[in-house]
Structure formats: C-alpha cells, structure tokens
Amino acid sequence: MLKVNFEKSRNLLSKKYPRMLATKKFEDLPHPDTLNVFFGNMMQLRKERIKFFVKQKKEIGNIYRIKVPTRKVVVLTDPDWIKYVLVDNNKNYTKSFAYDSIRLFLGNGLLTSEGEFWKRQRRLTQPAFHKEKLALMFQNMVEQTEKCIQNLEKYADTDQSVNLSKELYKLTLDIVNSTLFYSEIDNTTDAIYKLVSEGSEYITKRIDNPLQLPNWVPTPHNIKESRVLHSMDKLFFSIIERRRKQKEQHQDLLSMLMEARDEETGEVMSNKQLRDEILTIFVAGHETTQIALGWTFFLLTQNPDKTKILTDEIKNTLNGETPTPQNIRGLHYLKQVVDESMRCFPPAWIMGRRTIEKDVIDGYEIPTYTNVIMPIYVVHHDESVWDDPFDFIPERFNIQNIKEKHKYSYFPFGGGPRLCIGNNFAIQEMQVCLAMILQKFNIEVDENFVPELDPLVTLRPKYPIYAKVWKRV
Ligand code: HEM
C-alpha cells in the first residue's frame with residue numbers, strides 16, 4: 001500500500017506556498033532556555049557566540065527564536081529556508097540589525113545600502129568585477145604575491161617563525177589596493193590593521209548589545225568609536241581629494257565610481273558616497289581573504305597527505321612556471337582546497353536579514369521587522385549534510401560530489417541578488433597566492449598554534465598564525 005508522509009508533504013507545500021499555511025504563531029517557535037527574564041539569551045550569545053548556535057542546532061533543530069531585548073530574532077539553518085529568504089522571497093527582506101551597526105562605520109556603501117539606491121550602486125560597481133577585468137588583475141595579483149614571497153624568503157630554512165597572519169594581511173591589502181585603487185591607499189599596514197580591528201570590535205559590541213546608547217551620546221565607548229571613525233574618514237577622504245587633483249587617467253574602480261553618472265539626473269557621486277563605497281570594498285575585500293588564506297595554511301599543515309596531492313598538482317600543472325589565467329584553470333584540486341577551507345572556516349560566519357512585511361517560514365508566522373539569522377558556520381558543519389564535518393576533505397568539492405549537495409548547504413559568499421560582488425576576485429586571489437607560495441615553500445604552521453575562533457564580524461583566529469618556512473627543493 002502506498003504510504004503517504006503527511007508531515008513531509010505539508011512541509012514541502014508550505015515551502016511552495018508559505019503565505020497560505022501559517023499554522024503556528026511566532027511565540028510557538030522553540031527557543032533556548034533563558035537565565036534572565038530581562039536579557040533573555042543575550043549574555044549566552046555574547047559569551048558563547050558560535051558555540052551558542054552549534055548547541056541550539058543540536059538541541060533544538062533548524063528553526064528557533066532567541067530572546068534578546070528590543071529585537072525579534074529567528075535563527076535558520078535549513079538550506080531550503082535559507083534559499084527562501086535569500087533568493088525566492090528576497091524582496092521581502094532587508095539586511096538585519098547587525099548592518100545598522102556596520103553602517104555606522106562603512107556608511108551607505110554596497111554592503112549596507114538598500115532598495116533602488118543599492119541596485120543602482122551595484123550596477124555601477126559590477127563591471128569592475130567582470131571576467132575580463134579579473135583577467136587584467138591577474139598579473140597584479142602575481143606581482144604582489146612575488147613581493148610576499150620575497151618577505152617569506154628571509155625566514156626560509158631558519159628556526160625563526162614568521163607571523164603568517166601579518167604577511168597575509170599585507171598581501172591581501174596590497175592586492176585590493178593595487179588592483180582596485182591603483183595603490184592610492186597609503187600603505188601603512190599596521191595603522192590600517194589597527195583601524196579595521198578596532199572598527200570590527202566596536203561594531204561587534206553594538207551588535208551584541210541592543211541596549212547600547214546611540215552613538216551621539218558621549219559615553220567612553222562612543223568617544224573611542226568616533227575617534228576611529230574620524231581616522232577612517234581622514235584616510236579615505238584624502239584618497240578621493242588626491243585623485244580628483246590628478247591629471248593622469250586610471251582604469252581602476254575608484255575612477256569608475258568617480259566618473260559614473262546617474263542615468264536620470266546626470267549627477268556624479270558626492271565625496272561622502274565615494275568614501276562609503278571605497279571604504280566598503282576596501283574593508284570587505286581584504287580581511288576575509290586574509291583569514292581564508294591563514295586557515296588554509298593551518299588546515300594543510302594538519303593534513304600532510306592533502307598537501308602532497310596539492311603540491312604534486314601544482315608541480316605537474318605549472319611545471320615551475322608562474323601562474324597565468326590559462327594554466328591556473330588546470331589546478332582542480334587547488335580549487336577544492338579553497339572551497340573546503342571556507343567550509344571549515346567560513347570567513348563571514350553569519351549573515352542576517354529582516355522582514356519588511358510579515359512572512360511565513362516552516363508554518364510559523366514571522367512578524368514584520370523580525371531578524372532572520374543564518375549562521376553559515378553551523379550549516380557548513382551540519383552532520384546530516386556533511387560526513388565528518390570537522391575533517392578537512394577537499395574531495396567533497398569535486399564536481400561529482402558537490403553536484404549532490406543542496407546549493408545552500410554551502411554559501412560562504414551569501415546568495416541571491418546580494419551575493420558577494422568580490423567572490424570571483426577572492427577565489428582567483430586565493431588560487432594565485434596559494435599556488436605561488438606553495439610552489440616555492442613548504443609552510444608549516446607552528447605546533448603550538450591554538451586554532452581558537454574569535455568570531456567578530458569575520459571568523460578570525462584568536463591568536464596570530466606563526467609558521468616555519470622551508471624552501472622546496
Ligand atoms: C573569502 C573572501 C570573501 C568572503 C568569504 C566574502 C563573503 C561575503 C558575504 C557572505 C557577503 C554577503 C553579505 C550579505 O548578504 O549579508 C558579501 C558581500 C559583499 N562582499 Fe564579500 N566576501 C569575500 C571577499 C570579498 C572581496 C574580495 C570583495 C571586494 C573586493 C568583497 C566585497 C563585498 C561587497 C561589496 C559585498 C556587498 C555586496 C552587495 O550587497 O551588493 N568581498 N561578502
């Protein structure tokens with residue numbers, strides 16, 4: 001006799017016709033225990049961060065609400081529903097509360113703007129990331145990696161460990177700077193690192209604490225925050241001023257944005273808007289890739305058998321030549337290593353949206369202005385999707401294996417119309433850097449490195465990664 005699984009059919013139906021099937025109220029959503037009536041889960045969240053979400057997935061499942069003062073928050077880890085929010089019904093969502101804090105620093109750039117304004121800015125920026133443009137940037141990426149290799153050379157075959165995190169930071173900063181801003185950004189790596197780190201910390205504090213006073217109230221925290229902001233403004237406005245005075249033409253993103261005119265009004269972007277756009281691309285474009293590269297070297301050190309497959313591939317495919325846009329396409333295992341590394345340690349570990357109108361998810365009514373949080377890290381470690389999720393197995397990403405996975409069980413770059421604009425840039429960059437560095441050196445992350453996570457806006461390691469460098473013979 002044909003058995004009908006009513007529960008499954010109802011779920012499938014509700015995914016297709018969500019508005020018709022709100023059978024449960026928002027308050028019916030399961031939620032973790034709260035220790036404090038007023039703060040709800042806020043303290044646990046601040047203390048445990050990723051661990052909190054991993055625990056709830058195990059104990060509650062793929063959809064639950066969390067209690068925090070002044071906000072309605074739902075957490076989703078089911079790929080079908082993530083797709084629903086990011087793609088199918090994306091028009092009903094803006095970015096979540098976290099972006100209100102990010103906006104304080106980055107202003108109204110591509111990452112934080114909304115609606116028609118965002119659409120226009122995305123249309124203007126997109127051509128800088130087209131395939132042909134990426135091919136032109138390839139040589140630049142190679143040159144910057146050569147500089148990094150020269151620095152690493154100083155440590156090669158000595159007992160001295162190099163601060164790999166710092167070298168990779170400098171490398172990714174130089175790449176964004178030289179490819180998109182014609183090396184216009186004053187290259188004081190330490191100062192920029194300090195600014196971005198402090199900014200990140202302040203943003204996280206605001207995200208974590210819904211009760212924090214608005215930024216115009218002169219609390220010690222707000223005063224420090226506005227100092228960081230002021231330094232950022234100074235740096236980025238001076239770049240714009242300098243470029244406006246220059247006579248020579250550049251073909252970079254900055255010039256493209258400066259020359260872009262509004263189709264209807266014919267107006268060019270104000271200095272403030274330019275500052276927001278370039279600061280956004282600059283911040284979004286280097287730290288994420290640096291983090292991904294650092295974790296990749298750690299994972300390769302932990303898995304010498306995988307490193308051997310990779311370095312053999314590099315040796316046999318490149319034959320000692322420098323990578324080119326053509327020969328790099330033959331490095332299939334390298335691409336799998338990059339993908340698997342971002343599964344294990346997704347540099348952007350969490351993302352969120354907020355409902356514009358009420359919605360229905362999995363039968364639950366989701367009120368207007370509810371934040372829907374999608375912890376990418378948790379989805380990437382879901383045991384029902386990934387066997388041995390905490391093991392580093394690049395082969396998961398060969399064409400055959402990955403075909404069988406749900407598209408939203410792996411989404412390091414987000415999805416839908418707001419997909420990361422720099423995704424192909426970042427992948428190409430990582431491929432060039434890894435191929436060239438591994439072609440020259442064997443990198444061994446120090447044994448005593450503790451891979452503890454420091455999940456602020458991005459998934460930084462808590463401590464810098466130090467490594468020994470050995471020349472390949
Ligand atoms: C491994 C590297 C990277 C990772 C993991 C990453 C991740 C992400 C994610 C998850 C989003 C979506 C956020 C959301 O929808 O809420 C995003 C958006 C964005 N990323 Fe990336 N990113 C990376 C590299 C880059 C690079 C290299 C650039 C630029 C050079 C860049 C620029 C941006 C911008 C401008 C947005 C906003 C796009 C929009 O909303 O239209 N990212 N990124």
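# Around the ligand and through the strands

User: Which helix gives the largest share of the shell around the ligand?
Analyst: Helices are DSSP runs of H or I with at least four residues, strands are E runs of at least two, and both are numbered from the N terminus. Helix H12 (271-302) and helix H17 (423-440) each bring at least two residues to the shell. The largest share, seven residues, belongs to H12.

User: What kind of model is this?
Analyst: Residues are counted from 1 along each chain, as its sequence is written. Local features need pLDDT of at least 70, side-chain atom pairs count only at pLDDT 80 or more, totals for chains, interfaces and linings use all residues, and the model itself is predicted.

User: Which of the 24 residues around the ligand come nearest?
Analyst: Being near a molecule or strand takes a C-beta atom, placed from the backbone, within 6 Å of it. Of the 24 residues around the ligand, those that come nearest are Gly285, Thr288, Gly414, Cys420 and Gly422.

User: Which strands stand at the edges of the open sheet?
Analyst: Strands pair if DSSP finds at least two bridges between them. Five strands make up this open sheet, with mixed pairing, in the order E1-E2-E8-E5-E3. Two of them have a single partner strand, so one side of each has no neighbour in the sheet. Those edge strands are E1 (63-68) and E3 (93-95).

User: In E5, which residue is the bridge partner of Tyr93?
Analyst: E3 and strand E5 (residues 351-355) pair over three bridges, in the antiparallel sense. The bridge partner of Tyr93 in E5 is Thr355.

User: On which side of H5 are its buried residues, the same or opposite ones?
Analyst: Buried means 20 or more other C-beta atoms within 10 Å of a residue's own (12 or fewer is exposed, in between is partly exposed, with C-beta atoms placed from the backbone). In helix H5 (residues 98-106) the buried ones are Ala98, Tyr99, Ser101, Ile102, Phe105 and Leu106. They cover an arc, taken from the directions from the helix axis to the C-beta atoms, of only 155 degrees, which means they sit on the same side.

User: Which residues make up the uncovered face of strand E9?
Analyst: Strand E9 (residues 441-445) has a covered face made of Phe441, Ile443 and Val445. The uncovered face is Asn442 and Glu444.

User: Which residue in E12 stands opposite Asn442?
Analyst: E9 runs antiparallel to strand E12 (residues 466-471), with five bridges joining them. Opposite Asn442 in E12 stands Trp470.
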